[in-house]
Amino acid sequence: MSILRIGVLASGRGSNFQSIIDEIESKRLEAEIALLITDNPSAFATERAKKHGIEYLVIRPKEYSSRDDFFAKIAEELKKRDVGLVVLAGFMRIVGKPLIDAFPNRMMNIHPALLPAFPGLHGQRQALEYGVKISGCTVHFVDEGMDTGPIIIQAAVPVFQDDTEESLSERILRCEHKIYPEAIKLFSEGKIKVEGRMVRIKGYTPFDTHIVNPTIKER
Ligand code: GRF
């Protein structure tokens, strides 16, 4: 089987992008990052791409006459490079139909809450304000809704009484860096099957990724 080629879309810092790079470079994940696309020329993710010799493109929506054209251009660049999986890593836009249609069940996102709770922006702040005792992160396939696609993996973290948005975000982020590469690995090994809303994972044992050790190194 040929090696999975990944296209990453990021708008900012790119620590999830880094976690995928690290897993590939340390040979725990057999895949290749074919391209990074950003809509933000000052995204730190581009520095990471440069450092690791990964091609990147800046594609700005204002240079296209419509939202559909913008997403069609992204799809075109990804297809050109034979990308088999699109990974959204802090991409701050709702994905348009031309891109979704080009990669059905081949596009993932990570969200910093236990979906379907707290979709949209500031999932960590929403969780704190609501007063939940457990939150976490979710890797899901992307559909046309806002964080509504079929769920692949989730990891839970405790919410402490003295948590701030920052401390909770940091705890969740460490889990993100663990489960995102894991979901990609399962995909690359052909272990994921989508049946409607249900994502079936071959050999997956629930709970083995939950309550992740918070001592994983910073990225
Ligand atoms: C993460 O919290 C992720 O869950 C959300 O956006 C943030 C991106 O962080 N979708 P980074 O750019 O990967 O560091």
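This passage looks at a pocket, a helix and a single aspartate. The model is predicted, so local features need pLDDT of at least 70 and side-chain atom pairs count only at pLDDT 80 or more, while totals for chains, interfaces and linings use all residues. Residues are numbered from 1 along each chain as its sequence is written, and side-chain values use heavy atoms, with hydrogens and water left out.

The largest pocket comes out at about 870 Å³. Here a pocket is an open set of points on a 1 Å grid over the protein atoms alone, where a 1.4 Å probe fits, with protein on both sides within 12 Å along at least five of seven lines; lining residues have an atom within 4 Å of a point. The volume is the space filled by probe spheres set on the points, which are joined across faces, edges and corners. Of its 33 lining residues, Gly90, Phe91, Met92, Ile110 and Pro112 sit closest to the centre. Both domain 1 (1-103) and domain 2 (110-219) supply at least three lining residues, with domain bounds taken from an automatic or database assignment.

Then there is α3 (residues 67-80), a helix in the DSSP sense (an H or I run of at least four residues, numbered from the N terminus; strands are E runs of at least two). Its buried residues (under 20% relative accessible area, 1.4 Å probe, protein chains only) are Phe70, Phe71, Ile74, Ala75, Glu77 and Leu78. Down the axis of α3 they fall within an arc of 165 degrees, so they line one face of the helix; the arc is that of the directions from the axis to the C-beta atoms.

Aspartate 143 lies in the loop between β6 (134-141) and β7 (151-158). At 27% relative accessibility, aspartate 143 is partly exposed (between the buried limit and the exposed one, over 50%).
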